[in-house]
Amino acid sequence: MGNAAAASAAVSARRVAEQQIEDTLSRFEAAYESLDADAASRIWPGVDRRALARAFQGLRSQELTFTRCRMAIETVAASVDCDGWTTFVPRIGSQEPRTEERRWNFQLRKRGEGWTIAEARVR
């Protein structure tokens, strides 16, 4: 394979990985927005599903918005930093939606044809 063909294959593989990671993050958002700890644990196998379910029980609704994500992708691992915000309504207390700025860091691992979250931190 020539240099141009190898470079083109690498760019194509990166685009596929980026799309798969974006799909994983979209499923993460959907799980959190539907307050579904089971769905979240399928994307993030290491999450404490019971603790997450308890946290979700304290919310009436939640919306995540990633405004900008930066990816560092290796062959079978990736690190993604996303800026954005969370808007939520607690079950108890004020029913006014609260919006808070957030920064997420995700560590992902390639599994088969897709990616899962190995670790997630939010600040």
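**Sheet and pocket in a predicted model**

Visitor: Which residue in E2 does threonine 65 stand opposite?

Guide: In this predicted model, threonine 65 faces tryptophan 85 of E2.

Visitor: How many bridges join E1 to E2, and which way do the two run?

Guide: There are 13 bridges joining E1 to E2, and the two strands run antiparallel.

Visitor: What holds strands of a sheet together in general?

Guide: Strands of a sheet pair through backbone hydrogen bonds, in either a parallel or an antiparallel manner.

Visitor: Back to this model. What is the strand order, and is the sheet open or closed?

Guide: The sheet is open, with four strands in the order E1-E2-E3-E4 and antiparallel pairing. E1 and E4 are the edge strands, each of which pairs on one side only.

Visitor: And what is the twist from one strand to the next?

Guide: The twist averages 30° from one strand to the next.

Visitor: Changing topic: how much space lies in the largest pocket?

Guide: The largest pocket holds about 210 Å³ of space.

Visitor: Which residues line the largest pocket?

Guide: The lining includes Phe28, Tyr32, Trp44, Gln62, Trp104 and Arg121. Two or more lining residues come from each of helix H1 (3-33), strand E1 (59-73), strand E2 (77-90), strand E3 (98-111) and strand E4 (114-122).

Visitor: Which element gives the most to that lining?

Guide: E4 gives the most, with three residues. This is also one of the edge strands of the sheet.

Visitor: How does the lining divide by class?

Guide: Eight of the lining residues are nonpolar, two are polar and two are charged.

Definitions and conventions. Residues numbered from 1 in each chain as written. Predicted model: local features only at pLDDT ≥ 70, side-chain atom pairs only at ≥ 80, totals over all residues. Heavy atoms only, no water. 1 Å grid on protein atoms, 1.4 Å probe; cavity = no way out; pocket = protein on both sides within 12 Å on 5 of 7 lines; lining within 4 Å. Points joined across faces, edges and corners; volume = space filled by probe spheres on them. Nonpolar A, V, L, I, M, F, W, Y, C, P; charged D, E, K, R; others polar. Pairing = 2+ DSSP bridges. Axes fitted to C-alpha atoms, helices over the stretch in contact; angles between N-to-C directions.
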